[in-house]
Amino acid sequence: MIHNLQGIHETVDYKADTQICLYYNKEAENYPPHWHPSFEVIMPVINDYRVVCGHNDYLIKEGEILVICPCILHELFAPATGERIIFQPGLNHIKLKELDLITPLLSPAILVTKEEYPQVYEHIHRLMLEIKDEYMNFTTYSEISIIAKFLEIFVDIGRNHKVFHQQDGDRDIHHQKEYMEKFLFITDYISNHFSENLTLEEVASLAGFSKYHFARLFKQYTNSSFYKFLNQKRIEYAKSLLLDPELAVTEVAVQSGFSSLSAFLRMFKQLNLCTPTEFRNMYDSQFQKTPASGKK
């Protein structure tokens with residue numbers, strides 16, 4: 001259940017002294033558009049489940065796994081009967097460069113099915129059941145075990161994502177490893193400097209590539225263009241700033257790294273289907289300030 005919903009911002013009800021939350025949900029209840037800084041993983045066990053996330057509408061069949069990225073607005077629609085695992089792990093306290101590399105591959109969400117991920121589907125499905133059992137029988141080191149299993153799901157998805165099988169046929173393993181290390185460095189650099197006036201030329205030079213070669217490789221390794229990746233980082237940060245009602249939208253734009261208010265407004269609406277002011281109003285809505293009584 002959504003225990004703490006203020007406007008559209010959910011404060012995840014983590015288990016005490018942990019960064020993990022899991023529900024075995026049987027409720028025939030829809031949940032309104034909301035977002036939170038944790039990942040969310042949904043796996044129907046009985047009957048299908050529908051999720052609207054970003055610009056996409058997902059009908060998740062029994063046993064399929066939907067992984068939703070942090071800070072993505074999503075809405076849940078339940079059938080009249082059914083059961084599903086809803087898992088929310090917070091990884092903000094874990095600093096791994098590879099997380100910044102895989103997140104854009106998943107964004108806004110990724111659906112793991114037998115058809116799309118035949119080599120790893122069964123393993124990921126089993127890991128989700130193990131995460132559920134570990135959470136329900138919580139004991140010493142359970143949080144470590146659960147986070148380890150979730151990161152293992154990322155490894156499976158990352159190593160089997162179609163993007164990594166579209167590389168030049170003549171590139172050997174040594175160069176693949178070298179390029180991967182470079183892009184781990186680059187994504188980490190962007191995550192730490194997104195509020196600055198970064199340009200494609202500057203970052204390409206930092207990586208040691210021409211801007212054209214860099215742009216092609218960046219798309220290949222992140223499934224995103226350089227500027228889309230940069231703007232997603234900026235908008236993610238802007239959302240957190242907008243929760244402060246005392247901060248003007250113009251100041252939010254500046255602190256997030258946008259050179260103009262118009263550019264900020266355009267990009268925010270493109271990624272969130274609403275303006276920053278509408279987003280803030282949804283958060284501040286008096287109608288939704290009372291904590292909800294039922295989710296997940």
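Modeller: Start with a term. A pocket is an open set of grid points with protein on both sides within 12 Å along at least five of seven lines, and its lining residues have an atom within 4 Å of a point. One caution: this is a predicted model.

Biologist: How many residues line the largest pocket, and which lie nearest its centre?

Modeller: The lining counts 45 residues. Nearest the centre are P70, C71, T103, K233 and E236. The volume of this pocket is about 1,400 Å³.

Biologist: Which elements give two or more residues to the lining of the largest pocket?

Modeller: Two strands and four helices do: β6 (49-53) and β9 (74-77), then α1 (97-106), α4 (173-193), α7 (226-242) and α9 (261-272). The largest share comes from α7, with 9 residues.

Biologist: How does the lining of the largest pocket divide by class?

Modeller: Nonpolar residues number 23, polar ones 13 and charged ones 9.

Biologist: Take two of those lining helices. At what angle do the axes of α7 and α9 cross?

Modeller: Read the angle against a cut-off: 65 to 115 degrees counts as roughly perpendicular. The axes of α7 and α9 cross at roughly 95° and come within 10 Å. That is why α7 is roughly perpendicular to α9.

Biologist: Which residues of α7 and α9 meet?

Modeller: From α7, take N231, Q232, I235, A238, K239 and L242. Their partners in α9 are F264, M267, F268, L271 and N272. By class, this contact has 7 nonpolar, 3 polar and 1 charged residues.

Biologist: Now α5 and α6. How do their axes cross?

Modeller: Helix α5 spans residues 200-207 and helix α6 residues 211-222. Their axes come within 9 Å and cross at roughly 85°. The two helices are therefore roughly perpendicular to each other. In α5, L200, E201, V203, A204 and A207 meet K211, F214 and A215 of α6. This contact has 6 nonpolar residues, 2 charged and no polar ones.

Biologist: Back to α1, another lining helix. Is it mostly covered or mostly uncovered?

Modeller: Burial here means under 20% relative accessible area. By that test 7 of the 10 residues in α1 are buried, leaving the helix mostly covered. The buried ones are L99, D100, L101, I102, P104, L105 and L106.

Biologist: And the whole chain: what share of its residues is buried?

Modeller: Buried residues make up 48% of the 296. The secondary structure comes to 10 helices and 11 strands. Of the contacts with a separation of 6 or more, 74% join residues 24 or more positions apart.

Terms used. Residues are numbered from 1 along each chain as its sequence is written. This is a predicted model: local features need pLDDT of at least 70, side-chain atom pairs count only at pLDDT 80 or more; totals for chains, interfaces and linings use all residues. Side-chain values use heavy atoms; hydrogens and water are left out. On a 1 Å grid over the protein atoms alone, a cavity is a set of points where a 1.4 Å probe fits but cannot get out, and a pocket is an open set with protein on both sides within 12 Å along at least five of seven lines; lining residues have an atom within 4 Å of a point. Grid points are joined across faces, edges and corners, and a volume is the space filled by probe spheres set on the points. Ala, Val, Leu, Ile, Met, Phe, Trp, Tyr, Cys and Pro count as nonpolar, Asp, Glu, Lys and Arg as charged, and the others, Gly among them, as polar. Axes are lines fitted to C-alpha atoms, for helices over the stretch in contact, and angles run from 0 to 180 degrees between N-to-C directions. Angles under 35 degrees count as roughly parallel, over 145 as roughly antiparallel, 65 to 115 as roughly perpendicular and the rest as oblique. Contact means heavy atoms within 4.5 Å. Buried means under 20% relative accessible area, exposed over 50%, partly exposed in between (1.4 Å probe, protein chains only).
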